[in-house]
Amino acid sequence: MKQRLFAFIAFIALSLSANAQAGSGAVLGKEIKLFDFTLNTYRLEAGFNFGQAASFSDYARFTFGANVMVGGVYLDFLSADPQHKYSPLSDTQWNDTRAFCINAGYQIPVLSWLRVMPLVGYAQTNDGITDASETIYDFSEDTGLSTYHPYKVTQGSRQHYFNYGGGLSIQPCKWFSINLIGTRHAIYGGIGVNLLSIAQSL
């Protein structure tokens, strides 16, 4: 694992070095431009993720999250709620789990349509009790009324992890990106919508 991480860091260093020597990007042939970091300035994205949180553990769950990218700086999260958070009202107290992660990185534009993203972040898992005999009512003007059951983390069950990995961002057009990401504690993908392109077209 350490050898792979060293190779990945060396690749990034060589990429940045090539970009610095070429100014706005290295030209391959007459049409292909490599590592043109000015491309990042034209994208402001927001979108959603879906995939598995707490991968490679007993807490692994399919869930959803969100992402945002500003000028190449990328941030996302995944959150798996307790399994019985929205179950029907009953007298049962469920033994549930929760998992989430938050990651940040930077998109390196290898080609105009392809970026690689080294990522680091934080992940957590915990055990707890979902009390289905109680219901919490939450009202918001945006989402309306939502109801759910309270979840109490079992003392001492909270586990904290340093998360790391990488991903690919494929940008087939100026309107959106498709992201594929694998980290030590999550495997997921997502879509980011380029808000700058939408605003310019209005």
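These exercises walk through a predicted model, where local features need pLDDT of at least 70, side-chain atom pairs count only at pLDDT 80 or more, and totals for chains, interfaces and linings use all residues. Residues are numbered from 1 along each chain as its sequence is written, and side-chain values use heavy atoms, with hydrogens and water left out.

**Exercise 1. The overall picture**

Find how many helices and strands the protein has, and what percentage of its residues is buried.

Step 1. The secondary structure comes to two helices and 14 strands. Helices (H or I, at least four residues) and strands (E, at least two) are DSSP runs, numbered from the N terminus.

Step 2. Of the 202 residues, 37% are buried. Buried means under 20% relative accessible area, exposed over 50%, and partly exposed in between, using a 1.4 Å probe and protein chains only.

Step 3. Now turn to contacts, meaning heavy atoms within 4.5 Å. Among contacts with a separation of 6 or more, 58% are between residues 24 or more positions apart.

**Exercise 2. Two cysteines**

State how many disulfides the structure has, then classify Cys-101 and Cys-173 by accessibility.

Step 1. A disulfide is a pair of cysteine sulfur atoms within 2.5 Å. Searching the whole structure gives zero disulfides.

Step 2. Cys-101 has 1% relative accessibility, so this residue counts as buried.

Step 3. Cys-173 has a relative accessible area of 29% and is therefore partly exposed.

**Exercise 3. Asn-40 and its surroundings**

Work out where Asn-40 sits and which residues it touches.

Step 1. Look in the loop between strand E2 (32-34) and strand E3 (44-53) to find Asn-40. With 1% relative accessibility, Asn-40 is buried.

Step 2. Not counting residues up to four places away in sequence, Asn-40 touches Gly-71, Gly-72, Tyr-106, Gln-107, Pro-109 and Arg-115. The C-alpha atoms of Asn-40 and Arg-115 are 9.8 Å apart, with their positions 75 residues apart along the chain.

Step 3. Check the side chain of Asn-40: one of its polar atoms lies 3.0 Å from the backbone oxygen of Gln-107.

**Exercise 4. Thr-63 and Val-73 on their strands**

Name the strand that holds Thr-63 and the strand that holds Val-73, then list what each residue touches.

Step 1. Thr-63 belongs to strand E4 (residues 61-70) and is buried at 8% relative accessibility.

Step 2. A polar atom of the Thr-63 side chain is 2.4 Å from the backbone oxygen of Ser-79. Leaving out residues up to four places away in sequence, Thr-63 touches Asn-49, Phe-50, Gly-51, Ala-53, Leu-78, Ser-79 and Ala-80.

Step 3. Val-73 is in strand E5 (residues 73-80). With residues up to four places away in sequence not counted, Val-73 touches Val-68, Gly-105 and Tyr-106. Val-73 and Tyr-106 are 33 residues apart along the chain, and their C-alpha atoms are separated by 4.6 Å.

**Exercise 5. Positive phi in a loop**

Decide whether Ala-54 is buried or exposed, do likewise for Phe-56, and give the phi of each.

Step 1. Ala-54 lies in the loop between E3 and E4, and Phe-56 is found in the loop between E3 and E4 as well.

Step 2. Ala-54 has a positive phi, near 55°, in a residue other than glycine. Phe-56 is not a glycine either, and its phi is positive at about 65°.

Step 3. Ala-54 is buried, at 8% relative accessibility, whereas Phe-56 is exposed, with a relative accessible area of 60%.

**Exercise 6. The second largest pocket and Ser-197**

Describe the lining of the second largest pocket, then place Ser-197 in its helix.

Step 1. On a 1 Å grid over the protein atoms alone, a pocket is an open set of points where a 1.4 Å probe fits, with protein on both sides within 12 Å along at least five of seven lines; lining residues have an atom within 4 Å of a point. The second largest pocket holds about 150 Å³, a volume being the space filled by probe spheres set on the points.

Step 2. Lining residues include Tyr-42, Trp-113, Lys-174, Asn-194 and Ser-197. Helix H2 (residues 195-201) gives the largest share of the lining, three residues.

Step 3. Ser-197 lies in helix H2 and is buried, with a relative accessible area of 7%. Beyond its neighbours within four places in sequence, Ser-197 is in contact with Lys-174 and Trp-175.

Note on methods: A polar contact is a pair of N or O atoms within 3.5 Å; within protein, one must be able to donate a hydrogen and the other to accept it, and residues adjacent in sequence count only if both atoms are side-chain atoms.
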